[in-house]
Amino acid sequence: MKTSTRCVHPASGRDPFGAVSPPIYQTATFRQPSAVEFGEYDYSRTANPTRALVEEQIAALEGGRHACAFASGMAAITAAARLARAGEEILAGDDLYGGTIRLLSQVAPRQGISVRWVDTTDAQAVEAAISPATRLLLVETPTNPLLRIADLARLAGIVRRRGVLLAVDNSFLSPCLQQPLALGADLVIHSATKFLGGHGDVCAGAVATNDPELHGRLAFHLNAEGTGLAPFDSWLLLRGMKTLALRVERQCASASRIAELLAGHPMVREVFFPALAAPAAREVHERQASGPGAVISFTTGDPELSRRIVEAVRLFTIAVSFGSVGSSISLPCRMSHASIPEELRGRLAPPADLVRLSIGIEDVDDLLADLEQAIVAARSSPAPPADTTVAVCGAPL
Amino acid sequence: MTIPFAVDLDVDPSLATLAIHAGTAPDPATGALLTPIYQSTTYVQDAVGAHKGYTYSRSGNPTVTALERRLAALEGAEHATCYSTGLAATTALALALLQAGDRIVLSDVVYGGTVRLFQQVLARFGVEAEFVDTADPARLEAALRRPTRLLFLETPANPTLKLTDIALAAELAHAAGALVVVDNTLLTPVLQLPLELGADLVLHSTTKFIEGHNATVGGALITRDADLHERLAFLRNAIGAIQSPFNAWLTLQGVKTLPLRMERHSENALRVARFLESHPRLTRLLYPGLESFPQHELARRQQRSGGALLAFEVEGGEEAGVRVMNRVRLCALAENLGAAETLITHPASMTHAAVPPEQRLVTGITGGLVRLSVGLENPDDVIDDLRRALEA
């Protein structure tokens, strides 16, 4: 079955009334057949029928046998990070979502896990960085927010020889464009808040795998730490994923046009978008993914100008998150990546003049016109009052 | 952060009023009496960084905030954080306050999921957990002689209902430099106020009495200490173990009847306990509200009433206990407590299966132990159901 068909036809469960949209099992507990025999479900923290459907669907879309759905993308990454124990090490890409960096730099070390950052676009550097303590390699490709490309099949080959697990955060592309398990990854992680849910109405995360033992350990942590996705949110996610293929197709097409406009714009210094990447990176991306995705970032050479562009848009909303039906714009350094600790900012923080766009499904001409007017307005507007930028890092996400 | 639903009451309101009004006010835009369900992941910013208190629902959500304010008010505190489940709250507590090499002392009888979390998850990350009989001040004092970061109490303890003197334990812990958290799930603030007794933090599985309708799983941590709260909020955001807005809304609705329900739960449980106490087949009965309960005096001192939970054994041990559980009709055999429905549970194989067998036996969680969470039905119907099951 093709991915777009599977999006529309998730497993239906066993609803006795044949409801096409599955029921929301908003229940904490389940009556048991007897005191010593258990039914399939006993307690919703452990497993819930609505959550099971969304897990089955995400696993199917990723070409995996198993998936666990979590309360948020960070809860999913937390569970994956649990595969390393005290004394072991996680290798992580050096351009990652700020919340992932916060987890790995401020939470994991307190549990005795060491974390090292490595340029995952450089397979030789990754191989050299692996030590006997390394348990897990965590990769984003394209990375957030600089859209750098890592060669997943090559990394998978390297880590397999060294007994290290490869976890790929696929939130930027979704399984419609890239299926890391087929490329050799052991785990695929999602912030399902993004493209999978797609409607900005649910925070959710997932980890899919083909390995029953790894899945068992993730399910154990989901249950033991109580971080599973709520039934109503599971249902919203199932509903949202019906249009995943359609949305992503449109979002890719619109993003490509917008990236081209930006690349030719005199006020834009550099555009980061897989379809416009350097030939080697582009070749890798096109080999392992079937589209560029819908996130674009660009620099202007001037943080003030970038800020004014972000604030001059009308149709794009200034908001964190990406992958939704509505287009959004942000300054990663001050928003999604504001949580990177001070001591790591020099190495891991995105450039201050970087603007990140997530392209939605509005008419692309409206989006192009909005960006055009915002750039014109930003160029001609006077310097802003100094205090408008003061509190930007006050609410790390 | 601005809180859109603050309500200021001039008088010091009673718990029954707080349960309905604390933390919420009519929606400023429409006047809707009930807090809207903010099923939104993100929030528009007027300019970069210029937000209205909310930026991303993992960091904060107005519906969840309303519930947090209400739960804090009920426990007599200023701060609360809600979580996806009770165990997620325990996880956040441990990750926020303990690091590799730190030590926690816990009551030797606690919910089985708490035991699993410390023995099978956090132990792997270098956190040392010692389970001691916190009901015995000498043993507690001895355990606290080694450097201890946190004392975790569950009183009454699930499922044997053993009590710990919170004020005394808090005094010992504070003298030893440890913080004290009380899992108040079984009694709720309606029947016990741990912060008033000296605890630093209160933990809830809101899945139980707080939401009360068996409709959600959720957790909460409540404190008066702004610094502790900050550390918890940071950790929750970092690990993303958040409560969903819809579950927060259901819990806001459910908690409105908490004072009413807890009063009735306790009345009904006492009626059922008196019936069981007089029944010839019973060999062991544990209910803090009964005069025959060994720690009844302590229960009178630190609880408003006995609560909904009782545990018993019948002659014939495990086999006979299982037969009773399989014969009940009205009581639902299910792994939960604190709902409107009376729930009957076999702790050894269900809620406490994750506790090592030797720890179960030492602490009285025998194979024959039956746990009953007495619901809101007419207690005579529950008694009839139990009588039929006991005498069949």
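Among the contacts in chain B of this predicted model that link residues at least 6 apart in sequence, 73% join residues at least 24 apart. Chain B comprises 14 helices and 12 strands, and its radius of gyration is 21 Å, close to the 21 Å that the globule rule gives for 392 residues, so the chain is as compact as a globular protein of that length. Along the principal axes, the C-alpha atoms of chain B fill a box of roughly 70 × 50 × 35 Å. Of the 392 residues in chain B, 64% are buried, while the area that the chain exposes amounts to about 13400 Å², with carbon and sulfur atoms supplying 53% of it.

Strand β6 of chain B, spanning residues 201-205, has 5 of its 5 residues buried, and it is therefore largely enclosed by the rest of the structure. In a regular strand the side chains alternate between the two faces of the sheet. In β6(B), B:L201, B:L203 and B:S205 point one way, whereas B:V202 and B:H204 point the other way, and all are buried. Two pairings of β6(B) may be described in turn. With strand β5 of chain B (residues 179-183), β6(B) runs parallel, and the two are joined by 3 bridges; within this pairing, B:V182 has B:V202 of β6(B) as its bridge partner. With strand β7 of chain B (residues 219-223), β6(B) pairs in the antiparallel sense over 5 bridges, and here the bridge partner of B:S205 is B:G219 in β7(B). B:V202 and B:S205, which take part in these bridges, point in opposite directions from β6(B), and both are buried.

Later in the numbering of chain B, an open sheet is formed by 5 strands in the order β8-β9-β12-β11-β10, with mixed pairing. The edge strands of this sheet are β8 (282-286) and β10 (332-333) of chain B, each of which pairs on one side only. Strands of a sheet pair through backbone hydrogen bonds, either parallel or antiparallel. Strand β11 (residues 343-345) and strand β12 (residues 370-373) of chain B run antiparallel and are joined by 3 bridges; the bridge partner of B:T345 in β12(B) is B:R371. Helix α12 of chain B, covering residues 317-327, lies across β9 (309-314), β10, β11 and β12 of the chain, and its direction makes an angle of about 125° with β9(B). The edge strand β10(B) is thus among the strands that helix α12(B) lies across.

How values were computed. Residues numbered from 1 in each chain as written. Chains lettered and ligands numbered in written order. Predicted model: local features only at pLDDT ≥ 70, side-chain atom pairs only at ≥ 80, totals over all residues. Heavy atoms only, no water. Pairing = 2+ DSSP bridges. Helix = DSSP H or I, 4+ residues; strand = E, 2+ residues; numbered from the N terminus. Contact = heavy atoms within 4.5 Å. Axes fitted to C-alpha atoms, helices over the stretch in contact; angles between N-to-C directions. Rg over C-alpha atoms; globule rule 2.2 N^0.38 Å. Buried < 20%, exposed > 50% of the residue type's maximum accessible area, 1.4 Å probe, protein only. Areas by Shrake-Rupley, 256 points an atom, 1.4 Å probe, with all protein chains shown as cover.
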